[in-house]
Amino acid sequence: MNRKFLGKKIRSYRKSQGLSLQTVAENVGKTKSYMSMIENSKAVPSLSTLRDIATCLGITIADFFEEETNNNSEIARETFQFEKDAKIIHSKKNDYNLYLLIQNPAFKMKTYIVELLPFGGYAQELRHEGQEQGFVLEGQISLYLDNKEHVLNKGDYFYFYSYKKHKVTNKSEEKAKIYWVYLPE
């Protein structure tokens with residue numbers, strides 16, 4: 001595998017999950033500049049850094065080296081089990097847990113369960129390409145879109161373009177859960 005291909009794969013996985021370069025860099029313990037150099041094939045990560053990047057993205061190192069395939073058995077798979085298939089890809093103590101539900105890079109939509117712990121949430125506002133929608137499964141959340149707060153309760157749902165600055169918090173003493181779908185552009 002050439003390093004140009006590796007950089008493109010890393011960028012593709014990062015963008016497909018709606019993660020900023022800064023977020024990945026912080027989770028991996030590297031600078032944003034270094035991560036950019038890796039994605040632009042100007043630097044080759046060590047094996048341990050590659051492992052850390054894979055862990056941050058919720059994949060294995062082997063996923064970086066697999067050729068894109070339209071494996072019909074994977075595409076045809078239509079049902080999944082949370083306990084078996086979901087994978088926690090980000091967690092911040094006392095704030096949130098982010099579960100990736102379906103890990104097939106052939107699928108364009110990325111589906112998640114976002115679990116916001118009491119008084120937790122995302123401190124950092126995100127802004128990127130794509131579209132997002134979600135459904136509040138449990139609790140009450142505050143969804144901020146371009147600094148405007150929207151309070152949503154169990155059974156409420158939302159849709160927005162990801163270029164808007166957005167973050168989500170839980171201001172209650174109860175855990176909140178959201179079924180979240182992201183469609184990259």
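Phe135, Leu137, Tyr157 and Tyr179 come together as a nonpolar patch on the surface, with about 400 Å² of accessible area between them. This is a predicted model, and that patch is a handy way into it. From there we can follow the strands underneath, then the ring pairs, the salt bridges and a couple of backbone oddities.

**The surface patch, residue by residue**

- Phenylalanine 135 has a relative accessibility of 35%, so it goes down as partly exposed.
- Leucine 137 sits in strand β4, and with a relative accessible area of 32% leucine 137 is partly exposed too.
- Tyrosine 157 is further out in the open: its relative accessibility is 65%, so it counts as exposed.
- Two of the patch members also stack on each other: the ring centres of phenylalanine 135 and tyrosine 157 are 6.4 Å apart and the planes meet at 15°, so this is a stacked pair.
- That pair bridges distant parts of the chain, with phenylalanine 135 in strand β4 and tyrosine 157 in strand β7 (residues 157-161), 22 residues apart.

**The strands around β4**

- β4 and β7 run antiparallel and are joined by five bridges.
- Within that pairing, glycine 134 stands opposite phenylalanine 158 in β7.
- β4 also pairs with β9, again in the antiparallel sense, over seven bridges.
- Which residue of β9 is the bridge partner of phenylalanine 135? That would be tyrosine 179, another member of the nonpolar patch.
- A general point worth keeping in mind here: in a regular strand, side chains alternate between the two faces of the sheet.

**Other aromatic contacts**

- The structure holds eight aromatic pairs.
- One of them is tyrosine 96 with tyrosine 122, a stacked pair with 4.2 Å centre to centre and 20° between the planes.
- This pair also links distant parts of the chain: tyrosine 96 belongs to strand β2 (residues 96-100), while tyrosine 122 is in the loop between β3 (110-116) and β4 (131-138), 26 residues apart.
- Are these two tyrosines, 96 and 122, buried or exposed? Tyrosine 96 is buried, and so is tyrosine 122.
- Phe158, Phe160 and Trp180 make up a cluster, linked by ring pairs.
- There's a charge over a ring as well: lysine 167 lies over the face of tyrosine 144, at 5.3 Å from the ring centre.

**Salt bridges**

- Searching the whole structure turns up six salt bridges.
- Arginine 11 and glutamate 39 form one of them, at 3.3 Å from N to O.
- Arginine 11 is in helix α1 (residues 3-16) and glutamate 39 in helix α3 (residues 32-39), so this bridge ties together parts that are 28 residues apart in sequence.
- The two ends sit in different settings: arginine 11 is partly exposed at 23% relative accessibility, whereas glutamate 39 is buried, with a relative accessible area of 3%.
- Arg11 and Glu39 also belong to a network of salt bridges that takes in Arg14.
- Glutamate 115 and lysine 175 meet in another bridge, at 3.4 Å from N to O.
- Glutamate 115 lies in strand β3 and lysine 175 in the loop between β8 (166-169) and β9 (176-183), so the contact ties together parts 60 residues apart in sequence.
- Here too the acid is buried, with glutamate 115 at a relative accessible area of 8%, while lysine 175 is partly exposed at 35%.
- Arginine 51 bridges to aspartate 52, with the closest N and O atoms 3.2 Å apart.
- In that pair, arginine 51 is partly exposed with a relative accessible area of 45%, and aspartate 52 is partly exposed at 26% relative accessibility.

**Backbone oddities**

- Phenylalanine 119 isn't a glycine, yet its phi is positive, at about 60°.
- Phenylalanine 119 lies in the loop between β3 and β4 and is exposed, with a relative accessible area of 52%.
- Asparagine 147 does something similar: it isn't a glycine either, and has a positive phi of about 70°.
- You'll find asparagine 147 in the loop between β5 (140-145) and β6 (148-153), where it counts as exposed at 51% relative accessibility.

Key. Residues numbered from 1 in each chain as written. Predicted model: local features only at pLDDT ≥ 70, side-chain atom pairs only at ≥ 80, totals over all residues. Heavy atoms only, no water. Phe/Tyr/Trp six-rings, centres within 6.5 Å; stacked < 30°, edge-to-face > 60°. Helix = DSSP H or I, 4+ residues; strand = E, 2+ residues; numbered from the N terminus. Buried < 20%, exposed > 50% of the residue type's maximum accessible area, 1.4 Å probe, protein only. Lys NZ or Arg CZ within 6 Å of the ring centre and 35° of its normal. Patch = residues over 30% accessible without salt bridge, like charges linked within 9 Å, V, L, I, M, F, W, Y side chains within 5 Å. Areas by Shrake-Rupley, 256 points an atom, 1.4 Å probe, with all protein chains shown as cover. Salt bridge = Lys/Arg side-chain N within 4 Å of Asp/Glu carboxyl O. Pairing = 2+ DSSP bridges.
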